[in-house]
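I am opening my notebook to record what I looked up, entry by entry. I will write down each term with its cut-offs when I first use it.

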There are 2 protein chains.
Amino acid sequence: MDRVTIKDVAQEAGVSITTVSHVINETRSINPETKARVMDALDKLGYQPNIIARSLRSGKTKTIGLIVPDIANLFFADVARKIEDYGYQYGYSVILGNSDNDPVKQTNYINTLITKQVDGVIFISAGGVIEDLRSFYENGIPVVVADRDVPLELADVVLLDNEKAGYEATRHLLDLGHDCIACITGPNYVSPSMQRVEGYKRALTEFGIPFRSDLIEGGDFQFKSGELAMQRLLAHPCKPTAVFALNDMMAIGALNAAHDAGLSIPTDLSIVGFDNIELSTAVTPALTTVAQPIDEIAQNATNLLIKRMQCTRTEENIRVILSANLIIRNSTSRMVVSK
Amino acid sequence: MDRVTIKDVAQEAGVSITTVSHVINETRSINPETKARVMDALDKLGYQPNIIARSLRSGKTKTIGLIVPDIANLFFADVARKIEDYGYQYGYSVILGNSDNDPVKQTNYINTLITKQVDGVIFISAGGVIEDLRSFYENGIPVVVADRDVPLELADVVLLDNEKAGYEATRHLLDLGHDCIACITGPNYVSPSMQRVEGYKRALTEFGIPFRSDLIEGGDFQFKSGELAMQRLLAHPCKPTAVFALNDMMAIGALNAAHDAGLSIPTDLSIVGFDNIELSTAVTPALTTVAQPIDEIAQNATNLLIKRMQCTRTEENIRVILSANLIIRNSTSRMVVSK
DNA sequence: CTGAAAGCGCTTACAG
DNA sequence: CTGAAAGCGCTTACAG
């Protein structure tokens, strides 16, 4: 039950630990017979390297930290899953930190990850005191900022073109003839929310429709907030005939509020979501939504980080901007000029 | 930018590293003045212990592994979040492994966690070759099995009384007058699914209703499977008036299939789910469901594991069986004796 | 082609 | 009350 060490193997094979180490790591050429003896010993004793010792020596832990704002948001769950997959492919484990949209928890995680000596971090901000990120920098830990931009130029960044995506979603509703389009936003200190709203405004302007701030309802990207926002909108004098919710979770909340109010979707109200989580096809009606390229986000973030960790990239920080993709399903339809 | 070590601190304070170590860990009494000097040096240099070195020495990594079958299932996402919280409280980080219901990935993760030398593991099985668990045992890594039972008595176990929960859910439908009650199950090699079905059968028997295997549809605990199962049930000659889906994700899928088929819930069809994920209140109608005590599950699992890791418990393995709690919402109603 | 030894940064018997 | 030194399990210059 006691762990087998390189020393045991050396003894078994009758060679030095140096040789065993070189056999294991293939770091120098070894007499084939010696090598075979070592291999046998390795096998016989069931040697497993102690990576703690290896880490101490190399200064690398082969571990990356991932901080997400809300793991119960299926979008982040998906992103986390993909990042884990890609990390695994390159031999990295992922320590997941769920900041729960709480800047204090976020700070705690940042400190934990530093203490744990992760080799790198993928960071999806919950907002708050982003100065914390500087600690990574000061500890020489590379960071890739994903999904939500952060006003500190200390990291590579992988983002969506949220402005364009917001524009296209709104444009879709405008093309269907809607002219009273509400918007349920995320927290306004979060860059994707702000930028999608910018896109929304641009589309309105293009169609000569004045922007009305009273058609903007603030949510927090969770179900409940979408439901509550929709309820407020339903009480609005200018009954909106369409709603652009800045994520699917809130769109689903809005859908329910509308159902509860006896509206039929999309006849009485068109709804567009954002993210294209799996659930968006599972609700009724299936949600028209803006698909995020989750796989690309995860892949780019992981790749950039790995390059930094392995120092194959030491140049300037890079900004990757990806494109979203409107998916038209059954929650939107041409405005009915009824009543 | 170079890490500050205990040696730097010793030099700064003009003492030995032994003394610094003892100050840090409060492991022996130190002359107050010396102590103050060391504290100052610690502070001034911003010393952070290198936990890798500490781990190498102590053989402990203060890390626990958590293996879940599907992180995109909100139930597991919630469990994971809670376990992480509790672990954090005791100074443990959590490495999350998502087996994706894939026995091969599960085996991979098991090996990764062993390699990473986690101090303990909380294991929610995806089924498959559970013999893998033995490797933890052989490496002296304590395991707590949660949610899904495993036919190996090598670990403490935290489970729900699934039979009783299944009974109560079915009983609720029977009390409402339903007598043709379908059941959408999970994979049948997974203990909670089997046991909930047992409870379902017992309730039927108690009401003198013969069990009909053609009213059982197999799913995989994901949305889509609930939807597909419901579609099959709708084509069933004996139109069931009620469905017991063994988790909320499938219940929501079933809800949609029913909506799509033009049924109104609960008038035409009652649906009971299982888990009480947040989403169950966000769909329309809100789901009657069996609430799992997620917090208790997480807390018990974490506590048992911590005791094992700290060797404060060395006795026989323990089995904690928790109770679920039926929550009646709007997706179930008295059977209408119509048509 | 191979080995003895230093060193990664800690903790902790051992000695005084 | 304090310190010198061994040792955790590796990797890797250095030497031959």
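**Core, DNA surface and symmetry**

I looked up Ala254(B) and found that, leaving out residues up to four places away in sequence, Ala254(B) touches Ile184(B), Gly226(B), Glu227(B), Ala229(B), Met230(B), Val243(B), Ala245(B) and Ile271(B), where contact means C-beta atoms, placed from the backbone, within 7 Å. I note that this is a predicted model, in which local features need pLDDT of at least 70, side-chain atom pairs count only at pLDDT 80 or more, and totals for chains, interfaces and linings use all residues. Residues are numbered from 1 along each chain as its sequence is written, while chains are lettered from A and ligands numbered from 1 in the order in which they are written.

Next I asked which residues surround DNA strand C, and I found 28, the closest being Ser29(A), Asn31(A), Thr34(A), Ile6(B) and Ala53(B); near means a C-beta atom, placed from the backbone, within 6 Å of the strand. I then saw that helix 2 (17–25) and helix 4 (51–58), in chain A and in chain B, each supply at least two residues of this surface, with helices taken as DSSP runs (H or I, at least four residues) numbered from the N terminus. Helix 2 of chain B gives the largest share, 6 residues.

Last, I compared the chains: a turn of 180° and a shift of 0.0 Å along the axis lay chain B on chain A with an RMSD of 0.1 Å, superposed by least squares on C-alpha atoms of residues with pLDDT of at least 70 in both. That is the relation of a two-fold axis. Within chain B, Ile95(B) comes closest to the rotation axis, at 2.5 Å (C-alpha).

How values were computed
Contact = placed C-beta atoms within 7 Å.
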